[in-house]
Amino acid sequence: MRIQLQLSPNTEPVPFNHLHQLTGAIHKWLGDNSAHDGISLHSFGWLRGGNTKKEALYFPDGTSWNISFFDDELARRLIKGVLSDPIVAYGMTVQQVREVAPPTFGRQHVFTTDGSAVLARRKRTDGSREYLLWDTLAANEVLTHLLRRKLEVAGFTDDHLDARVAFDRAYTRPRARMASIKDIKHKGSECPVIVEGTPEAIQFAWLVGVGDLTGSGFGALR
């Protein structure tokens, strides 16, 4: 289930690196649950339409925020939490909650990112992580592996596990995007992705996102 929250204007400056605050709001609303641990089967987009002023963001007209879950029960729990405590951060509160119906998917779909960057990482031999961008085929292999792993964790089998993800190399304006979670910097790609597979697997990707750290604000799709 995808939920769209309409937020009020902020009353305090919103720093560029605020993803951890959004993650915190989600987990506050969910309470104690399995989404805190293990592989993330949910995703959320970035706040859109902000104005930049004095190295901060402002949303004078408010903003919308998409949050998606494979598990509908978690989505309903989040709605309940929002209704009980609508405060997000920086003076913004939830003014409206609505469910977004999924598109009708075929065997292939090109997704744009929901304001967020897609994060593809792999471990080096020394244990550190290498960030892979849209211009390397190895990034596609990483994204495909992660989606198949999430499908497996969610209980999908057979043809659903043949799903594939690739950056859209025909896109003419890809760019690298840095974002921090607290003090840790991550480098992702702002570039559409092509997802191939069963319609059910493609809808799953629409909900849970692609790449690493979808539960922390990366890889959300629209």
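These are my notebook entries on a three-stranded sheet, the helices that pack on it, and one buried threonine.

**Entry 1: the sheet.** I was working with a predicted model, and I kept that in mind throughout. I began with the strand order, which reads E8-E14-E11 in an open sheet with antiparallel pairing. I then looked at the edges. Strand E8 (108-111) and strand E11 (164-167) sit there with a single partner strand each, so one side of each has no neighbour in the sheet. From one strand to the next, the twist averages 20°.

**Entry 2: one strand pair.** Next I followed E8 along strand E14 (residues 193-196). How many bridges join E8 and E14? I noted four, in the antiparallel sense. For a landmark I picked Val110, which stands opposite Ile194 in E14.

**Entry 3: the helices.** I turned to what lies on the sheet. Helix H3 (residues 137-153) lies across E11 and E14, and its direction runs at about 145° to E11. Helix H4 (residues 199-208) also packs on the sheet, where it touches E8 and E14. The direction of H4 makes about 15° with that of E8.

**Entry 4: Thr23.** Last, I looked up a residue in helix H1 (residues 19-30), namely Thr23. Is Thr23 buried or exposed? Its relative accessibility is 14%, and buried means under 20%, so Thr23 counts as buried. Which residues does Thr23 touch, leaving aside those up to four places away in sequence? I listed Phe44, Gly215 and Ser216.

Terms used. Residues are numbered from 1 along each chain as its sequence is written. This is a predicted model: local features need pLDDT of at least 70, side-chain atom pairs count only at pLDDT 80 or more; totals for chains, interfaces and linings use all residues. Side-chain values use heavy atoms; hydrogens and water are left out. Two strands pair if DSSP finds at least two bridges between them. Helices (H or I, at least four residues) and strands (E, at least two) are DSSP runs, numbered from the N terminus. Axes are lines fitted to C-alpha atoms, for helices over the stretch in contact, and angles run from 0 to 180 degrees between N-to-C directions. Contact means heavy atoms within 4.5 Å. Buried means under 20% relative accessible area, exposed over 50%, partly exposed in between (1.4 Å probe, protein chains only).
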